[in-house]
Amino acid sequence: MQAQRKDRPNPVLGILRLIIAASAAGVLAAAVALPAVGGAGISTKSAVETLNLKPENLDEPPLPEPSVLKDANGKQFAQFYYENRRVVTLDKVAPIMQTALIAIEDFRFYQHGPIDVEGTARALVKNLSGGGVMQGGSSITQQYVKQVLLNKAETPEEQQAAIAPTVSRKLSELRYAMAIERKYSKNQILEKYLNIAYFGAGAHGIQAAARRFFDKPASELNLAEAATLAGAVQNPARTDPSVGPESRERLMQRRNTVLDRMAEIGKITPQQAAEAKAKKLGWKNIKAPGGCGASKFPYFCLYVQYEILGNEDFGKTMDERRKLLQRGGLEIRTTIDPKMQAAAEKAIKKYVSKKDKPVASQAMVVPGTGEIKAMAASRKFGGSKKKNEMSYNIVADGAHGGGRGFQQGSTAKVYTLATALEEGLKYGDGFPAPAGYEAGAYSTFKNCKGDNVGDPHHTVRNSSEGGGGFKTLETGTWGSVNTFFLKLEQKVGLCSVVKMAKKLGVKRADGNKLSEVETFTLGVNEVDPVTIASSYAVFASRGQYCKPLAITEIKDRDGKAKQYKPKCSQVLEEEVADAVSGILSGVFTKGTMQEVGGIGRDAAGKTGTTDNYMSAWFAGYTPNLASAVSLGDPRGTSSHKLIGITIGGQYYPYVYGASISGRIWKDSMLSALKGIEPTEFTPVDKSRFGGCTEHCAPKPPKKKDDKDGQDHSGDFGDPFNIFEPPNGDQPGNGRGNGRGRQVTGPVVTTGR
């Protein structure tokens with residue numbers, strides 16, 4: 001191509017100027033005859049098609065913003081984000097920051113139209129003659145358009161197209177820019193650009209960048225800092241200060257270039273530029289932690305996260321819900337109480353070390369609302385096996401990021417007790433509890449399908465009592481007598497007990513159906529602390545079951561708020577719930593927690609220890625607060641029992657429910673309830689539940705029958721007559737001996 005004469009104007013430049021000027025004025029060019037430019041690779045026909053510059057509306061999706069979790073007091077404790085960004089209005093950005101950015105990126109920003117005619121034309125001429133886009137010249141408006149397209153891109157192909165070095169892409173950018181300038185004022189465009197621009201080090205938008213680089217809001221940036229961030233926009237990958245010393249040096253050089261430019265166009269004096277250039281970079285490296293691993297309350301954070309990810313109200317698919325959480329800019333107000341959480345953490349730490357293999361976990365729930373106030377565990381949450389961290393939510397069920405849970409143990413006996421009281425039994429009702437009990441030797445247990453279940457060859461024994469004895473609803477519960485509760489379950493019906501547990505919100509942690517076997521009352525099902533605390537809260541709230549509640553309000557990016565209220569229903573008569581509380585109160589004074597003691601206010605609860613000491617529990621409540629504490633080894637409770645073990649620096653030959661879990665419960669509840677006025681349980685209706693029916697304790701034997709000095713209190717027959725083979729069943733006839741029955745689930749015999 002012949003060299004163009006210097007005394008003749010460049011025809012391409014002239015035509016482009018006319019096109020741009022006409023387009024900026026709103027005159028639509030139907031077609032433009034563009035002379036072929038040798039070596040440019042663009043024909044007249046393609047140029048005409050490409051340069052048909054008409055304003056084209058740009059779809060501008062909301063910018064990805066973090067969603068934050070706030071505690072019951074309104075303080076942030078976690079955030080989720082796809083991009084670290086905080087959108088701010090222009091008045092929240094220091095004027096010097098605005099000036100610095102305009103000076104280096106588009107110093108005629110307030111003077112030109114949709115595009116900088118001279119700058120863009122000059123760049124296009126060079127690009128056309130060079131066969132591609134080799135030079136920038138983009139206005140701030142064009143750069144905003146480019147960032148919008150890049151942010152919208154979902155696939156690598158779309159991302160590449162958004163930044164492709166082609167003339168067609170550049171001209172499409174111009175069309176969008178024309179529409180943007182018609183739609184917004186210059187200040188609005190600048191605000192949008194400052195919020196969408198990437199500054200490096202994972203900081204999107206000026207507010208996040210000011211925090212990340214200098215640990216201050218964008219409104220407080222000084223000259224040197226403003227010049228640094230303005231310089232970072234051009235090539236944030238090369239000047240990312242988090243990468244290393246070389247990148248920081250490049251960023252400082254870029255900062256100085258901005259300062260020189262500001263002085264050149266008279267925005268600052270040469271002296272101000274020199275003083276700012278003499279300063280150090282000032283890089284603070286303030287990270288923006290995201291996700292539950294960085295949260296102060298990681299287990300509760302996980303619960304909230306899974307509440308949203310598993311709820312179709314927040315999106316039809318899991319991917320939609322995850323995007324909303326990471327990009328939606330939600331403000332999520334939750335139920336967690338920092339004071340109660342600290343109480344649980346401190347109590348757990350006192351008895352169980354984070355280095356111990358067994359894990360203690362605790363949940364606190366408010367009766368009558370279901371609000372979760374605390375979720376704590378002895379181990380830190382994380383993925384490091386070397387640090388003995390937990391990789392899942394051990395305090396909750398699988399639906400909330402948890403695992404299989406631990407067998408409930410004797411804390412499950414309360415469901416049988418509640419069933420018996422609901423069916424009309426009184427406090428003094430009872431029957432002899434033998435030292436050993438074989439289900440198939442006396443009668444059958446039927447599940448809710450009517451199938452016979454149970455293992456007739458397994459003998460269930462007691463832990464705290466070596467021999468038999470007459471037990472009432474009170475004494476059988478206080479002593480946590482296994483054989484008594486098996487007989488009581490048999491009396492009221494296994495299915496009735498299962499239904500009672502379900503009414504109280506009991507479900508397996510792994511999401512499977514409850515195992516309906518004869519040892520259901522002894523706690524064979526694996527559960528989690530949130531579930532058990534919620535079930536015990538029913539008695540505290542006088543029969544009202546409330547679904548566990550973690551979120552109270554969600555406010556979207558536009559400030560529109562939605563409240564989430566408790567979901568409660570009456571599942572048990574108030575008087576029956578009061579009667580349960582009346583008996584469970586005695587556990588602290590006459591039962592398995594007697595050695596540990598109470599908390600100085602009305603409280604009720606139940607210990608739980610599983611077969612062969614595989615796990616240990618305590619669940620209890622006051623009218624104000626319910627809580628459950630579990631202890632077990634996540635590696636597998638059957639192969640890692642709580643026998644001959646050191647936990648929290650103390651050796652235990654056997655770990656019972658009261659040994660550690662009960663003590664954690666007591667200490668944490670004492671602290672959590674400080675400052676809360678004690679509330680008393682509603683007195684038990686003695687006219688309904690006092691005394692006994694015909695199943696009263698027998699008179700003691702005459703002295704002449706007691707010459708052998710043995711305990712004969714279990715020798716007085718069966719007042720319920722429930723041990724006689726039904727319908728003539730006899731051992732060995734294929735019915736009473738358990739042949740053909742479903743034998744499922746492990747059995748639990750420890751019973752404390």
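This report describes two pairs of packed helices and one buried helix in a predicted model.

Two packed helices are described by the angle between their axes and the distance between the axes. The table sets out these values for the two pairs.

| Helix pair | Angle between axes | Distance between axes | Handedness of crossing |
|---|---|---|---|
| α5 (residues 140-152) and α8 (residues 186-196) | roughly 45° | within 9 Å | left-handed |
| α9 (residues 206-214) and α10 (residues 223-232) | about 115° | 11 Å | right-handed |

**Helices α5 and α8**

The axes of α5 and α8 cross at roughly 45°. That angle makes α5 oblique to α8. On the α5 side, the residues that meet α8 are I140, T141, Q143, Y144, Q147, V148 and N151, while α8 contributes I189, L190, K192, Y193 and I196. Sorted by class, this contact has seven nonpolar, four polar and one charged residues.

**Helices α9 and α10**

Helix α9 packs against α10 at an angle of about 115°, and the crossing of the two is right-handed. The contact is made by I206, A209, A210, F213 and F214 of α9, together with E225, T228 and L229 of α10, and these residues divide into six nonpolar, one polar and one charged.

**Helix α21**

How many of the 12 residues of α21 are buried? In this mostly covered helix, 12 of 12 residues are buried, among them P529, I532, Y536 and F539. The length of α21 (residues 529-540) can also be checked: at 1.5 Å a residue, its 12 residues should span 16 Å, and its end C-alpha atoms are 16 Å apart, which agrees.

Conventions:
Residues are numbered from 1 along each chain as its sequence is written. This is a predicted model: local features need pLDDT of at least 70, side-chain atom pairs count only at pLDDT 80 or more; totals for chains, interfaces and linings use all residues. Side-chain values use heavy atoms; hydrogens and water are left out. Axes are lines fitted to C-alpha atoms, for helices over the stretch in contact, and angles run from 0 to 180 degrees between N-to-C directions. Helices (H or I, at least four residues) and strands (E, at least two) are DSSP runs, numbered from the N terminus. Angles under 35 degrees count as roughly parallel, over 145 as roughly antiparallel, 65 to 115 as roughly perpendicular and the rest as oblique. A crossing is left-handed if the near helix is turned anticlockwise from the far one by less than a right angle, and right-handed if clockwise. Contact means heavy atoms within 4.5 Å. Ala, Val, Leu, Ile, Met, Phe, Trp, Tyr, Cys and Pro count as nonpolar, Asp, Glu, Lys and Arg as charged, and the others, Gly among them, as polar. The expected span of a helix is 1.5 Å times one less than its number of residues. Buried means under 20% relative accessible area, exposed over 50%, partly exposed in between (1.4 Å probe, protein chains only).
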